[in-house]
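Me: I am new to this structure and would like to learn how to read it. Please take me through it feature by feature.

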Amino acid sequence: MTITRPGDADPVRDAILAAMDRLLAGTPLRSTGRLSVSQLAIEAGVKRWHLTHQHLDLKERFQARVKAQDSTPRPSAGSSASTKRSRRSTTNSANTVLTWKSDCVSMPLRSTSWLWRTLPSPAASRTLT
């Protein structure tokens, strides 16, 4: 863990602190907005090891603030309109898959009957040899 004095300027630490404030305020710039250490690293634009090995105090501070926070910020909660649209899309996709499955179940019968109609009869194949 790195110990910094008040006068020291550590750009990684500053980036993590700014990202922490953005995530907890619900205004992420680079990440999904989920309140996790990996999303904090993405939001800060640093590698995750900075939080897990170098700045453990910031990781613990972030986790404590997340635990103390009452609600999930707006971006990670999702809007109801986009959720409805997503559910509708999933339902349409599921119906399409079911239609394809029913078509595939009947397909072997159709393709087999077509095959038997197009093949020459066994008597005709004997005359060719």
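Me: Where does Arg48 lie?

Reply: A first step is to place a residue relative to the helices. This is a predicted model, and in it Arg48 sits in the loop between α2 and α3.

Me: Which residues is Arg48 in contact with, leaving aside its neighbours within four places in sequence?

Reply: Setting those neighbours aside shows what the fold brings together. Arg48 is then in contact with Ser38 and Ala41. Ser38 is ten residues from Arg48 in sequence, and their C-alpha atoms are 6.1 Å apart.

Me: What does the chain contain in the way of helices and strands?

Reply: Count the elements, then read their order. The chain has seven helices and zero strands, and its pattern along the sequence is α-α-α-α-α-α-α. Of its 129 residues, 19% count as buried. The accessible surface is about 9600 Å², with 58% of that belonging to carbon and sulfur atoms.

Me: How many of the residues of helix α2 are buried?

Reply: Buried here means under 20% relative accessible area. In α2, residues 37–44, six of the eight residues are buried, so the helix is largely enclosed by the rest of the structure. The buried ones are Val37, Gln39, Leu40, Ala41, Glu43 and Ala44. Their cover includes α1 (11–25), α3 (49–54) and α4 (56–68). Just after α2 comes Gly45, with a positive phi of about 75°.

Me: Which residues of α1 are buried?

Reply: A list of buried residues is best read together with their directions around the helix axis. An α-helix has 3.6 residues a turn, so residues three or four places apart point the same way. In α1 the buried residues are Arg13, Ile16, Ala19, Met20, Leu23 and Leu24. Seen down the axis of α1, they fall within an arc of 125°, so they line one face of the helix. Pro11 and Ala25 are exposed on the other side of α1. The buried residues of α1 pack against α2, α3 and α4. Gly26 follows α1 and has a positive phi, near 85°.

Me: What is Val12 of α1 in contact with, beyond its neighbours within four places in sequence?

Reply: The method used for Arg48 serves again. Val12 is in contact with Val46, His50 and His55. Val12 and Gly45 are 33 residues apart in sequence, yet 8.7 Å separates their C-alpha atoms. For the chain, residues 24 or more positions apart account for 56% of the contacts with a separation of 6 or more.

Me: How far apart are the end C-alpha atoms of α4?

Reply: The check is to compare the end-to-end distance with the expected span. At 1.5 Å a residue, the 13 residues of α4 should span 18 Å, and its end C-alpha atoms are 18 Å apart, which agrees. Leu58, Lys59 and Phe62 are the buried residues in α4. They cover an arc of only 100° around the axis, which puts them on the same side of α4. The face turned away from that buried side carries Lys67 and Ala68, which are exposed.

Me: At what angle do α1 and α4 pack?

Reply: Read the angle together with the distance between the axes. For α1 and α4 the angle is about 10° and the axes are 11 Å apart. That makes α1 roughly parallel to α4. Among the residues that meet are Ile16, Leu17 and Met20 from α1, and Leu58, Arg61 and Phe62 from α4.

Technical notes:
Residues numbered from 1 in each chain as written. Predicted model: local features only at pLDDT ≥ 70, side-chain atom pairs only at ≥ 80, totals over all residues. Heavy atoms only, no water. Helix = DSSP H or I, 4+ residues; strand = E, 2+ residues; numbered from the N terminus. Buried < 20%, exposed > 50% of the residue type's maximum accessible area, 1.4 Å probe, protein only. Contact = heavy atoms within 4.5 Å. Areas by Shrake-Rupley, 256 points an atom, 1.4 Å probe, with all protein chains shown as cover. Expected span 1.5 Å × (residues − 1). Arc of directions from axis to C-beta. Axes fitted to C-alpha atoms, helices over the stretch in contact; angles between N-to-C directions. Parallel < 35°, antiparallel > 145°, perpendicular 65-115°, else oblique.
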